Every structure is written in C-alpha cells, then in structure tokens.
Amino acid sequence: MREQLAKLIEVSELPNVFLRIVPNTAGANPGLDGSFKIIKVREGQVGYVDASHGGRLVADPAEVERFAVKFDQIGAVALPIGASRNLIKQLMETMK
C-alpha cells in the first residue's frame with residue numbers, strides 16, 4: 001500500500017492532476033453515493049455513472065448538471081491539494 005500512496009503523491013504533482021481527499025471527518029457527503037465522471041464531448045457534456053456490474057451513460061443535460069453540482073459539493077468538503085498530499089505523506093510515515 002505504501003507504494004500505491006507514493007504513486008499518488010507522484011501523480012498529484014503533474015500539472016493536470018488535482019488530488020484532493022475527502023477526510024472521514026467530513027461525514028456524510030454526496031461522494032458516498034458512488035463514483036461518476038463528467039466528460040466533455042463535442043456536443044457538450046455527458047456523465048458516466050459507475051456501477052458494480054457496469055455503468056450507464058447520462059446524456060440528459062439536466063442530469064449532467066446535477067452531477068456537476070454534486071462534484072462541487074464533494075469539493076466543498078475535500079481538503080486542499082497541499083493538505084491532501086500531507087495527509088498521504090503522514091500515512092506513509094506510519095507504515096515504515
């Protein structure tokens with residue numbers, strides 16, 4: 001696991017990656033509902049909702065907008081980038 005955390009730190013330093021952790025102290029939040037993606041396509045945006053046996057593509061603009069709001073709500077309880085990296089580094093220190 002320590003190697004996986006080190007890889008997260010490494011990737012988080014790329015200019016196009018923004019790693020932010022939602023700590024357990026945030027409690028219940030929209031991120032607990034499961035993972036999703038918002039994808040930019042030529043026609044605008046679509047969503048993709050992951051599920052245990054596949055997923056579904058979301059093309060309805062109103063539903064995609066709800067995912068965008070959900071993304072912002074998750075971000076509101078996430079740690080800043082630097083604090084997220086520090087938390088990972090602290091966890092790695094306990095694994096020595």
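Helix α2, residues 61-77, contributes four residues to the lining of the largest pocket, the most of any contributor. The model examined here is a predicted one, and this pocket is a convenient place to begin reading it. The space inside the largest pocket comes to about 280 Å³. Its lining is made up of F18, R20, V22, G31, G34, S35, F36, F71, D72, I74, G75 and A78. By character, six of these lining residues are nonpolar, four are polar and two are charged.

Helix α2 itself deserves a closer look. From its first C-alpha to its last, the 17 residues of α2 reach 25 Å, close to the 24 Å expected at 1.5 Å a residue. Buried positions in this helix are E63, V64, F67, K70 and I74. Around the helix axis they cover an arc of only 110 degrees, so they sit on the same side of α2. A general rule helps to follow the pattern: an α-helix has 3.6 residues a turn, so residues three or four places apart point the same way. The buried residues of α2 pack against three strands, namely β1 (36-41), β2 (44-51) and β3 (54-58). Turned away from that buried side is a face carrying the exposed residues P61, D72 and A76. Two residues of α2 can thus be met again at the pocket: I74, a buried residue of the helix, and D72, an exposed one, both appear in the pocket lining.

Helix α3, residues 81-94, can be read in a similar way. Its 14 residues should span 20 Å at 1.5 Å a residue, and the end C-alpha atoms lie 21 Å apart, which agrees. Within α3, the residues S84, I88 and M92 are buried. Seen down the helix axis, the buried residues of α3 fall within an arc of 80 degrees, so they line one face of the helix. Exposed residues Q90 and T94 are found on the other side of α3. The cover over the buried residues of α3 includes helix α1 (2-12).

Helix α1 also holds E3. Is E3 buried or exposed? With a relative accessible area of 72%, E3 is exposed, because a residue counts as exposed over 50%. A comparison with α2 places E3 within the model: E3 and I74 are 71 residues apart along the chain, and their C-alpha atoms are separated by 26 Å. I74 is buried, whereas E3 is exposed.

Key
Residues are numbered from 1 along each chain as its sequence is written. This is a predicted model: local features need pLDDT of at least 70, side-chain atom pairs count only at pLDDT 80 or more; totals for chains, interfaces and linings use all residues. Side-chain values use heavy atoms; hydrogens and water are left out. On a 1 Å grid over the protein atoms alone, a cavity is a set of points where a 1.4 Å probe fits but cannot get out, and a pocket is an open set with protein on both sides within 12 Å along at least five of seven lines; lining residues have an atom within 4 Å of a point. Grid points are joined across faces, edges and corners, and a volume is the space filled by probe spheres set on the points. Ala, Val, Leu, Ile, Met, Phe, Trp, Tyr, Cys and Pro count as nonpolar, Asp, Glu, Lys and Arg as charged, and the others, Gly among them, as polar. The expected span of a helix is 1.5 Å times one less than its number of residues. Buried means under 20% relative accessible area, exposed over 50%, partly exposed in between (1.4 Å probe, protein chains only). The arc is that of the directions from the helix axis to the C-beta atoms. Contact means heavy atoms within 4.5 Å.
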